Amino acid sequence: MIHDTLTPDIIQKFDVPGPRYTSYPTAPQWHTGFGEKEYLSVLNKGSQSLSLYVHVPFCVSMCYYCGCTVIIRKDKTQVGDLFLDYLAKEVSLVAAALGARMPVRQFHIGGGTPNFLTAVQLERLVGIMTAAFDFESGMEQAIEIDPRTVTPDIPKALARLGFNRVSMGIQDFDHDVQVAINRIQPYEMVENLFAALREAGIASINADLIYGLPRQHETQFAKTIAQIIQLKPDRIALYSYAHVPWLKSHQNLIKQEELPTPPQKMALFLASSKALSAGGYQAIAMDHFALETDDMAKAYLSGTLHRNFMGYTVKPADDYIGFGPSAIGHMQGNYAQNVKELKAYYASLDSGVLPVERGMAMSEDDRIRQWVIQSLMCRFYVRKSEFLDLFGVSCDTYFHDLAEHLAYCEREGLLLISNTDWTVTDLGRFFVRNICMGFDAYFKPAQSENRFSRTV
């Protein structure tokens with residue numbers, strides 16, 4: 001059994017800092033030499049289809065584990081109104097650069113806490129987007145919400161505005177863990193919200209959990225998993241806690257001695273994965289689970305799952321545009337990220353300038369490596385015939401300099417190598433980031449400490 005294979009020695013061997021590969025090249029490679037001028041040039045070329053993301057950065061309190069770009073604010077209405085004024089300016093500038101109304105396949109509002117905005121403000125936000133873009137029939141329209149701050153009018157408002165997928169952060173139902181991470185939300189609160197969303201007609205509910213948090217242990221977390229299965233969300237994200245206090249200073253409020261050790265953390269994931277599978281969930285790629293009847297489960301099994309900054313998706317678009325502080329765009333092989341500070345975001349838009357802070361134009365080599373890394377992350381295999389059809393060269397020839405890395409992965413039981421495929425093994429699925437690092441032309445292990453989270 002895989003539980004027996006994952007010995008403490010194996011875990012220690014592969015527990016190293018490394019990228020999560022939500023993008024390739026990864027964010028540390030982006031630079032200020034790619035700014036508004038370069039982004040406008042890309043936008044001017046238009047797109048066949050878009051995914052849109054809006055980052056609402058505000059929260060009313062700080063969760064100690066958080067790795068997102070957030071701004072703590074209490075005066076919700078005034079802050080939200082001002083933010084939407086500037087969001088409208090950014091959308092107007094982007095729409096003008098595109099030159100025509102573009103079709104949208106996927107729309108996602110994240111944060112922060114998107115339901116920091118009132119129902120009236122969310123209606124205004126959706127109106128800003130639909131005034132500039134064509135939302136396709138049957139598209140995915142999703143929003144992240146915080147159960148602690150959802151007002152009673154929000155579920156029906158979301159359904160009325162066309163949202164068909166709601167994702168909520170739960171992390172852990174255990175009170176001691178919630179105290180340690182400064183996020184108190186009892187099970188009953190979440191249970192009532194599930195009921196309200198379903199009554200409102202929301203088609204799909206996602207639940208986000210985190211393993212590796214302070215004070216977590218197997219017996220306690222098993223109760224959380226059992227409670228989640230009882231609620232029966234359509235999809236579950238089971239994220240590994242990324243402890244990066246050098247990047248997020250508030251994580252220093254978490255006591256290091258209260259964190260699970262790497263073997264304990266892996267045991268949390270293994271036990272949870274086993275319980276979710278027994279509860280009717282299909283394991284999806286690295287850290288997601290979906291009911292076996294869900295579109296994501298079907299996409300994973302058919303090899304059509306994709307990955308972008310919104311996570312795993314079954315409705316990929318040709319290009320991706322992000323709005324709001326810190327938001328990321330990916331247009332025709334070019335990355336662009338907005339400034340993170342709210343003051344700088346507002347000042348740039350006051351000047352009529354898109355608030356792009358950094359970015360990167362991908363080379364052909366970047367595109368090839370991106371495809372391989374995404375295939376490994378989403379499907380757990382690389383089919384050599386597909387590579388040849390797409391790029392006109394065999395992958396063995398193109399990656400001849402990686403023969404040693406591939407042989408090492410095979411020797412360690414992470415990969416199966418044949419004449420037709422590179423296939424990630426059951427053991428390799430737990431360390432797929434380690435496999436991908438070999439295909440990362442920019443990754444240097446000696447420089448990875450205090451830059452990336454650990455792979456376990």
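**From a buried threonine to a helix pair**

Thr69 sits in the loop between β2 (58-59) and β3 (71-72); strands here are DSSP runs of E with at least two residues, helices runs of H or I with at least four, numbered from the N terminus. This is a predicted model, in which local features need pLDDT of at least 70, side-chain atom pairs count only at pLDDT 80 or more, and totals for chains, interfaces and linings use all residues. Residues are numbered from 1 along each chain as its sequence is written, and side-chain values use heavy atoms, with hydrogens and water left out.

Is Thr69 buried or exposed? Thr69 has a relative accessible area of 17%, so it is buried (under 20%, 1.4 Å probe, protein chains only). Beyond its neighbours within four places in sequence, Thr69 contacts (heavy atoms within 4.5 Å) His55, Pro57, Gly112, Lys248, Ser326 and Lys340.

Now the core. The largest nonpolar core (buried Ala, Val, Leu, Ile, Met, Phe, Trp, Tyr and Cys residues joined through side-chain atoms within 4.5 Å) holds 126 residues. Met129 and Phe107 are among those touching the most other members. Helix α4 (residues 76-98) gives the largest share, nine residues. Another core, of 12 residues, lies apart and includes Cys66 and Val70.

Last, a helix pair. Helix α13 (residues 364-379) packs against helix α14 (residues 384-391) at about 155°, with axes 12 Å apart. Axes are lines fitted to C-alpha atoms over the stretch in contact, and angles run from 0 to 180 degrees between N-to-C directions. The two helices are therefore roughly antiparallel (over 145 degrees). Their contact includes Trp371 of α13 and Phe387 of α14.

Conventions. Parallel < 35°, antiparallel > 145°, perpendicular 65-115°, else oblique. Buried < 20%, exposed > 50% of the residue type's maximum accessible area, 1.4 Å probe, protein only.
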